[in-house]
Amino acid sequence: MKAEDIKFNDITRILFGSDAPVSFLLELVIRFLFLFILLIITLRLSGKSQTGSQNRIKQASIVSLAAAIGIPMMSPTRGLLPAIIIAIVIVGIQRLLSLWAFSNQKVANLVNGKYNTLVADGVFQLHDMHQIGLSKERLTAAIRQKGILHLGMIERMYMEANGSFTIIESQNPRPGLSLIPVWDKGFRNQQQKSEELHVCSNCGNTQSAKDSTCGVCKKDKWEPGVIV
């Protein structure tokens with residue numbers, strides 16, 4: 001299309017396009033129904049998964065399939081057979097990779113991802129957090145949503161392979177780092193503090209002496225451990 005063919009008052013071109021006749025709209029409905037059924041069948045053959053927990057294979061398959069069916073749906077010059085072939089190839093590749101991952105743990109970790117330990121025994125695992133690019137602000141927000149107000153209440157916290165969080169609460173909570181925002185001083189002051197143990201303000205490691213560097217993260221900023 002040439003530049004002089006672009007006219008803002010050309011309602012027909014804006015609504016229906018310039019390459020396809022108006023009669024293509026009826027065919028478009030038929031194409032859509034066919035490709036929609038193809039999409040449902042392909043997703044069904046690709047295996048079951050819980051909502052929001054698709055692994056990398058499933059995500060790549062959905063993106064590839066969406067790209068494959070988009071062109072024949074909108075262009076009258078493209079047939080439906082290429083989309084069918086691509087759908088068959090996608091299902092085949094996904095099935096083969098899934099079988100390979102089932103028998104090979106390294107492939108499974110590469111395809112599905114690995115879980116990370118974010119909190120262990122009431123202490124932030126800063127190395128894992130840095131490795132996956134997770135900030136303490138986002139992590140503490142996720143913990144607060146579970147009603148947990150200090151790290152001493154947590155035995156373990158994991159980020160699963162699908163990106164969700166799993167928290168295992170401690171049966172015997174220990175003094176821990178407060179998870180209340182520092183600007184909410186009124187609420188923080190209401191929390192009961194330990195008179196003996198101090199926690200590192202950076203990682204949550206507990207020590208009795210606050211005049212030394214943290215044995216975990218090597219920082220030297222301390223605050224009283226929260227009991228309740």
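The following questions and answers concern a predicted model, in which local features need pLDDT of at least 70, side-chain atom pairs count only at pLDDT 80 or more, and totals for chains, interfaces and linings use all residues. Residues are numbered from 1 along each chain as its sequence is written, and side-chain values use heavy atoms, with hydrogens and water left out.

Trainee: Which residues does the UniProt annotation "transmembrane region" cover?
Mentor: The entry is unreviewed, and such annotations may be inferred rather than shown by experiment. In the model, residues 24-45 are 100% helix and 0% strand, with helices being DSSP runs of H or I of at least four residues and strands runs of E of at least two. The other span is 96% helix, with its end C-alpha atoms 33 Å apart. The record gives residues 24-45 and 80-102.

Trainee: How far apart are the end C-alpha atoms of α4?
Mentor: The expected span of a helix is 1.5 Å times one less than its number of residues. For the 23 residues of α4 that gives 33 Å, which agrees with the distance in the model, 34 Å.

Trainee: Which helix gives the most to the lining of the largest cavity?
Mentor: A cavity is a set of points on a 1 Å grid over the protein atoms alone where a 1.4 Å probe fits but cannot get out, and lining residues have an atom within 4 Å of a point. The largest cavity has a volume of about 40 Å³, the space filled by probe spheres set on the points. Helices α2 (24-45), α3 (56-74) and α4 (81-103) each supply at least two lining residues. The most, four residues, come from α3.

Trainee: Which residues of α4 are buried?
Mentor: Buried means under 20% relative accessible area, with a 1.4 Å probe and protein chains only. Two residues that line the largest cavity, I90 and Q94, are among those buried in α4. The full set is A83, A87, I90, V91, Q94 and A101.

Trainee: Where does Y115 lie, and where does Y158 lie?
Mentor: The structure holds two aromatic pairs, meaning rings of Phe, Tyr or Trp (its six-membered ring) with centres within 6.5 Å. Y115 and Y158 form one that is edge-to-face (planes over 60 degrees apart), at 5.5 Å centre to centre and 90 degrees between the planes. The pair ties together parts 43 residues apart in sequence, because Y115 is in the loop between α5 (105-112) and β1 (116-120) and Y158 is in strand β3 (residues 154-159).

Terms used
On a 1 Å grid over the protein atoms alone, a cavity is a set of points where a 1.4 Å probe fits but cannot get out, and a pocket is an open set with protein on both sides within 12 Å along at least five of seven lines; lining residues have an atom within 4 Å of a point. Buried means under 20% relative accessible area, exposed over 50%, partly exposed in between (1.4 Å probe, protein chains only). Rings of Phe, Tyr and Trp (its six-membered ring) pair if their centres lie within 6.5 Å; planes under 30 degrees apart count as stacked, over 60 as edge-to-face and the rest as tilted.
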